[in-house]
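Grab a pencil and work through a few short exercises. Each one sets a task and then walks you through the solution.

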Amino acid sequence: MIEILTNYNDVLIEGFINTLIASLIALVISLIIGTLLGIFQVSTNKLLAGIANFYVQLFLNIPLLIIVLFFYVVFPMFFVGVNGFTAGIIGLTIYTSAFIAETVRAGILGVPNGQMEAGLSTGLTYGDTMRYIILPQAIKIVIPPLGNQFINLVKNSSVLAMVAGLDLMYYGDLIASETFNTFDTYIIVALFYLIITLPLTYLMQYVERRLAAND
Amino acid sequence: MKIMKKRPLLFLLLLPIIWLSACTSGQVANQDITERIAVASTPEIIWGVKADTNLFGLYNIAKGEIEGFDIDIAKALTEEITGSADNAEFVEVTSKTRIPLIKNGNIDAIIATMTISEERKKQVDFSDVYFAAGQSLLVPNDSAIQSIEDLNADTTVLAVKGSTSAQNIREHAPEANILELENYSEAFTALQSGQGDAMTTDNAILLGIIDENPGYRLAGAPFTDEPYGIAINHGQENFLNEVNKALDTIIENGTYAEIFTKWFPEEEVPELN
């Protein structure tokens, strides 16, 4: 196990950095898109809600691998060329956005109806009530499941390996097939994933505690 | 077992790992295959074969079975060893799963376009050569690439994970970029969508792809000598000898030539041994 670490440390670290970058980019963008979609889903505007619902239902129910493969092989045939790394990030973002949208929607619906009614009856507009009353409460409900989505995102980034995305899993596969030491290789790869996911878990727990302390 | 008291959770996490590593030395893998065949009422031989490789091992959806050169050779060998080709059982393997599957005894032998190499001999034994393959490049008809010499820092070659083809490209064209994909169909799809300039693997497999997809050609002659062998687990010398003997027989009695011409009508039957 030590030989694999010493012989392949450069590719493992390159893979680790690529996984980290892919996860971070996908996390930030999908958080923005997902939150907007979640708000649109509960919006009173029929068109916005319709579009958001369509998007969420579509990508919630398609395997991530198919979305990523689509951007890797089909997209370049008709539009611009994207490499495996970019195709992976696009796929991850689109897929995770749908899950974050569902989480945000559930959070907003989790705030008692009376809050919205109270806001509106004091003369606030729908938008203001949403922004100042509903969303601050929804965030607290949403943080724990959102943390799970982030961790899933990091783990799902291993899909990049399928489209030569040069991530941790891609190099893991190559090392395993070169050394025939599948077991040790994947244990090392798993440990590298833990380096990302464990601190993320603790960060989310910390945020959760801080928000709870404000109650 | 201090760790149990101090860190009970950590120990619990390690438990499945310890258990899994204990599993790798199973009983099945150590059983002598020849002995098993001799005593069994239906003497089955389980072959690990490819199911995604045209001409060698490809799943025929209409018939519901795998067909190809490897399959027919395996059937002919099974007939020589056990008396009936019906005793051949086939299990689908990939470049990644074939070694673990033979190590734990799930399959008796691998006949899956597997190149004989020194590195692999540490893991498994190989029979005599059953197909003389060599690595080549597949490019679109209008490509400027005519041979391996035309590969440079601006060209990207698509290979398949878990095969020796990427290493060979690094030797013969160290400048070229290499991307490794999951299987032949994904590598070829990536070539079609312009993710690379050429795809590389054994010539026979590339010929199978051209067979199905006009508009592509081989660029130059094969640049390696990579004979295919049948892989058998270490410690199965009796079975290995039987397979080699059966292979000699079918080469001598013309069965081999018949199977070869059936799958590669354009090619000349090679001299083996």
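What percentage of the contacts in chain B between residues at least 6 apart in sequence join residues at least 24 apart? The share is 70%, where two residues are in contact if their C-beta atoms, placed from the backbone, lie within 7 Å.

Before going on, note that this is a predicted model, in which local features need pLDDT of at least 70, side-chain atom pairs count only at pLDDT 80 or more, and totals for chains, interfaces and linings use all residues. Residues are numbered from 1 along each chain as its sequence is written, while chains are lettered from A and ligands numbered from 1 in the order in which they are written.

**Exercise 1. Take stock of the two chains.**

Step 1: list the elements. Chain A has nine helices and zero strands, and chain B has 11 helices and 13 strands. Helices (H or I, at least four residues) and strands (E, at least two) are DSSP runs, numbered from the N terminus.

Step 2: look at burial. In chain A, 39% of the 215 residues are buried; in chain B, buried residues make up 41% of 273. Buried here asks for 20 or more other C-beta atoms within 10 Å of the residue's own, with C-beta atoms placed from the backbone.

Step 3: check contacts in chain A. Of those with a separation of 6 or more, 75% involve residues 24 or more positions apart.

**Exercise 2. Describe how helix 2 and helix 3 of chain A meet.**

Step 1: find the geometry. Helix 2 (residues 9-41) and helix 3 (residues 46-60) of chain A have axes that come within 7 Å and cross at roughly 125°. Axes are lines fitted to C-alpha atoms, for helices over the stretch in contact, and angles run from 0 to 180 degrees between N-to-C directions.

Step 2: name the arrangement. That angle makes helix 2 of chain A oblique to helix 3 of chain A; angles under 35 degrees count as roughly parallel, over 145 as roughly antiparallel, 65 to 115 as roughly perpendicular and the rest as oblique.

Step 3: pick out the residues. Helix 2 of chain A brings A:Leu37, A:Phe40 and A:Gln41, and helix 3 of chain A offers several, including A:Leu48, A:Ala52 and A:Tyr55.

**Exercise 3. Work out which side of helix 11 of chain B is buried.**

Step 1: spot the buried residues. In helix 11 (residues 255-263) of chain B, they are B:Tyr256, B:Ile259, B:Phe260 and B:Trp263.

Step 2: see how they are spread. They sit on the same side of helix 11 of chain B because they cover an arc of only 100° around the axis, the arc being that of the directions from the helix axis to the C-beta atoms.

Step 3: find their partners. These buried residues pack against helix 4 (69-82) and helix 10 (237-252) of chain B.

Step 4: zoom in on one partner. Helix 4 and helix 11 of chain B pack at about 160°, with axes 10 Å apart, so helix 4 of chain B is roughly antiparallel to helix 11 of chain B. B:Phe69, B:Asp72, B:Ile73 and B:Ala76 of helix 4 meet B:Thr255, B:Ile259 and B:Trp263 of helix 11 in chain B.

**Exercise 4. Find what chain A brings to its contact with chain B.**

Step 1: count. 13 residues of chain A touch 16 residues of chain B.

Step 2: locate. On the chain A side, helix 4 (64-78) and helix 8 (168-179) each supply at least two residues, and helix 4 of chain A gives the most, with four.

Methods. A residue is buried if 20 or more other C-beta atoms lie within 10 Å of its own, exposed if 12 or fewer, and partly exposed in between; C-beta atoms are placed from the backbone.
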